[in-house]
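User: I am in my first year and would like to learn how to read a protein model. Could you take me through this one in questions and answers?

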Amino acid sequence: MSDRLITHLRHVDLAVPDFDKQREFYTTLWGLTPVGEENGLVYLAAQGSPEQYIVRLRKDAEKRLDLISYGAGSAADVDALAQRLGTAGVQLISEPGVLQTAGGGYGFRFFDVDGRTIEVSADVATRQHRRIEEREAIPVRLSHVVINSPDPNRTQAFYEQHLDFALSDSLIHPYAGELMKFMRCNPQHHSMAIAKGPHVSLHHVSFEMRGLDEYMRGTGRLLRAGTRMVWGPGRHMAGDNTFSYFLDPHGNTIEYTTELEKLDEDAWHPSVYDVSKEENQDQWGTANPFEELVAKESFNDVDRGLFVAPPV
């Protein structure tokens, strides 16, 4: 799309009370690599990704989603997007400028319609990364993020109007109505999705594995360690990606997956999948049934960071 200025998802930043426990989980079990640590912050990278980091953890008295970060093609695109948002009345947290986080770069932050802090940046230094080997069950990259909203249509409209995201597919249920909207900012089926929830919160963060074998080995490692698996293993219909959902030590849902479907954006027409049909939940039929209690696991706690910018 000619006027789309956002290129991809960079990182998801979380604040947690038990910083040491969260850090231990993501580094020793989940498979991320600490690449910098200071003053109650740790930056966690994926070995296969050129991004400086894909998760940032921050020690805080309250659990919250600090921010979601997206990339832009250039500093000029960052400026253009900031001007577009400001003109439209979107609340900017900061004007475009040099970023002080790992990798530097040029960017700015703003609140989305629900109060989440969003960062957009360009010219961030890439890190040396490597090819993940066969049977190496660690994340290659950050795949996507899903957010909860009590008004998914309003949230969708914000991301379409202001950030040029496009709808790829939707999930519905004959009794519950619309459940999820998959949104893209590039040919990947979705970099972000909006789930219907009782309050604004983080639904889940997804990490891409090298392939099916690595995905299953990672799933098995978490199960053997006693980590609670919410749903999986299986393969979604929308996006055609695999899924194994776990809970981190602070109750955030996180997912191991494999490569998402790549779309021809000019020819793509969104589908609506009825999840009361089991094959639309899990093509393989291997996952535990997707019931109401499973869905509630990813409602998460009410986000305490709405319309409050993180300190760093």
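Analyst: Helices (H or I, at least four residues) and strands (E, at least two) are DSSP runs, numbered from the N terminus. Please keep in mind that this is a predicted model.

User: Which helix gives the most to the lining of the largest pocket?

Analyst: The largest pocket holds about 760 Å³ of space, and 37 residues line it. Among the elements that contribute to this lining, the one that gives the most does so with four residues, and it spans residues 292-297. That element is helix H6.

User: How many residues of that lining are nonpolar, polar and charged?

Analyst: Lying nearest the centre of the largest pocket are Leu179, His203, Val275, Phe290 and Ala295. When the residues of the whole lining are divided by type, the counts are 18 nonpolar, 14 polar and five charged.

User: Which strand gives the largest share of the lining of the second largest pocket?

Analyst: The second largest pocket has a volume of about 280 Å³, and 19 residues line it, with Leu99, Gln100, Thr101, Arg109 and Val312 closest to its centre. Strands E3 (41-45), E6 (97-98) and E7 (106-111) are the elements that give two or more residues to this lining. The largest share is three residues, and the strand that provides them is E7.

User: Why can the buried residues of helix H2 be said to line one face?

Analyst: Helix H2 covers residues 75-87, and its end C-alpha atoms are 18 Å apart, which agrees with the span expected for 13 residues at 1.5 Å a residue. Its buried residues, meaning those under 20% relative accessible area, are Val78, Leu81, Ala82 and Leu85. On the other side of H2, Ala76, Gln83 and Thr87 are exposed. Seen down the helix axis, the buried residues line one face because they fall within an arc of 100°.

User: What covers the buried residues of H2?

Analyst: The cover comes from both strands and a helix. It includes strands E1 (6-16), E5 (64-72), E7 and E8 (117-122), together with helix H3 (152-163).

User: Is phenylalanine 246 buried or exposed?

Analyst: Phenylalanine 246 has its place in strand E15, which runs over residues 242-247. Leaving aside residues up to four places away in sequence, phenylalanine 246 touches several others, including Trp30, Leu222, Met229 and Ile254. Its relative accessible area is 0%, and since under 20% counts as buried, phenylalanine 246 is buried.

User: How far apart in space are phenylalanine 246 and methionine 229?

Analyst: In sequence, phenylalanine 246 and methionine 229 are 17 residues apart. In space, taken from C-alpha to C-alpha, the distance between them is 4.3 Å.

How values were computed:
Residues numbered from 1 in each chain as written. Predicted model: local features only at pLDDT ≥ 70, side-chain atom pairs only at ≥ 80, totals over all residues. Heavy atoms only, no water. 1 Å grid on protein atoms, 1.4 Å probe; cavity = no way out; pocket = protein on both sides within 12 Å on 5 of 7 lines; lining within 4 Å. Points joined across faces, edges and corners; volume = space filled by probe spheres on them. Nonpolar A, V, L, I, M, F, W, Y, C, P; charged D, E, K, R; others polar. Expected span 1.5 Å × (residues − 1). Buried < 20%, exposed > 50% of the residue type's maximum accessible area, 1.4 Å probe, protein only. Arc of directions from axis to C-beta. Contact = heavy atoms within 4.5 Å.
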